[in-house]
Amino acid sequence: MNDCPECSECERLVQDYVDRVLTDADRERVQAHLDACPRCARCYKLEERLWKHVKRCCEEPMTDDLKHRLLALRTPLQ
C-alpha cells in the first residue's frame, strides 16, 4: 500500500474502474490519476491484463485433456 492519499484512493477504485462500474466523476478522477502516476498506471495495466485473461478463460471451453488432468489432481474428501 502507498502512503499517498491519491494512490490509496486509486488502489481502492481500480478494480471498479477495470469493471467499468464507477460513476462518471470517479472514473474521471481515477483516469486523471492514472495519467499522472506511473506506479498506479502499471498497477492498472496489470489488473486490466488479468481481467482480460480471466474473461478469455471463462469464454473458452475446457478441453477434455485438461478436465482429465484436473480430475487426476483432486484429493478425496475425508
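These are my notebook entries on a predicted model of a single chain.

**Entry 1: overall layout**

I started with the secondary structure. I counted four helices and zero strands in the chain. Reading along the sequence, I get α-α-α-α.

Next I looked up the overall dimensions. The C-alpha trace spans about 50 × 30 × 20 Å along its principal axes. For the radius of gyration I have 18 Å, where a compact globule of 78 residues would have a value near 12 Å.

Then I checked burial and surface. Of the 78 residues, 18% count as buried. The chain exposes about 6,600 Å², and carbon and sulfur atoms supply 56% of that.

I also looked at how the contacts are spread along the sequence. Taking contacts between residues at least 6 apart, I find that 48% join residues at least 24 apart.

**Entry 2: the core**

Which residues make up the largest nonpolar core? I list 12: Cys7, Cys10, Leu13, Val14, Tyr17, Val18, Leu22, Val30, Leu34, Cys37, Cys40 and Tyr44. The elements giving two or more residues to this core are α1 (5-19), α2 and α3 (38-59). Helix α1 gives the largest share, six residues.

I picked cysteine 40 from that list for a closer look. Setting aside residues up to four places away in sequence, cysteine 40 touches Cys7, Cys10, His33 and Leu34.

That led me to histidine 33, which I find in helix α2. Is histidine 33 buried or exposed? I note it as buried, because its relative accessible area is 15% and the cut-off for buried is under 20%. Leaving aside neighbours within four places in sequence, histidine 33 is in contact with Glu6, Cys7, Cys10 and Cys40. So Cys7 and Cys10 turn up in the contact list of cysteine 40 and again in that of histidine 33, and both cysteines are on the core list.

**Entry 3: salt bridges**

I ran the search over the whole structure and got six salt bridges. The background is simple: side chains of opposite charge can pair when their charged atoms come close. I wrote up three of the pairs.

Arginine 27 pairs with aspartate 24, and the closest N and O atoms are 3.3 Å apart. Both sit in helix α2 (residues 24-36), three residues apart, about one turn of the helix. How exposed are the two ends? Arginine 27 has a relative accessible area of 38%, so I call it partly exposed. Aspartate 24 is at 52% relative accessibility and counts as exposed, because the cut-off for that class is over 50%.

Arginine 29 forms a salt bridge with aspartate 26, with the closest N and O atoms 2.8 Å apart. This pair also lies in helix α2, three residues apart, about one turn of the helix. Arginine 29 is partly exposed at 42% relative accessibility.

Arginine 69 forms a salt bridge with aspartate 65, and here I read 3.1 Å between the closest N and O atoms. Both residues are in helix α4, four residues apart, about one turn of the helix. Aspartate 65 counts as partly exposed, at 46% relative accessibility.

Which residues do shared salt-bridge partners join into one network? I find Glu9, Arg12, Asp26 and Arg29. The pair of arginine 29 and aspartate 26 that I wrote up above is thus part of that network, because shared partners link it in.

**Entry 4: a nonpolar patch**

I looked for nonpolar residues on the surface. Met62, Leu66, Leu70 and Leu73 make a patch of about 370 Å². I followed up on leucine 66, which lies in helix α4 (residues 64-73). Leucine 66 is partly exposed, with a relative accessible area of 31%. That is enough for the patch, because patch residues need over 30% relative accessible area.

**Entry 5: a positive phi**

Last, I went through the backbone angles and stopped at arginine 20. Its phi is near 60°, a positive value in a residue other than glycine. Where is arginine 20 placed? I find arginine 20 in the loop between α1 and α2. With a relative accessible area of 62%, arginine 20 is exposed.

Definitions and conventions: Residues are numbered from 1 along each chain as its sequence is written. This is a predicted model: local features need pLDDT of at least 70, side-chain atom pairs count only at pLDDT 80 or more; totals for chains, interfaces and linings use all residues. Side-chain values use heavy atoms; hydrogens and water are left out. Patches are made of residues with over 30% relative accessible area and no salt bridge: like charges are joined within 9 Å, nonpolar side chains (Val, Leu, Ile, Met, Phe, Trp, Tyr) within 5 Å. Accessible areas come from the Shrake-Rupley method with a 1.4 Å probe; for residues, only the protein chains shown count as cover. A salt bridge is a side-chain nitrogen of Lys or Arg within 4 Å of a carboxyl oxygen of Asp or Glu. Buried means under 20% relative accessible area, exposed over 50%, partly exposed in between (1.4 Å probe, protein chains only). The radius of gyration is taken over C-alpha atoms; the globule rule is 2.2 Å times the number of residues to the power 0.38. Contact means heavy atoms within 4.5 Å. A nonpolar core is a set of buried Ala, Val, Leu, Ile, Met, Phe, Trp, Tyr and Cys residues joined through side-chain atoms within 4.5 Å.
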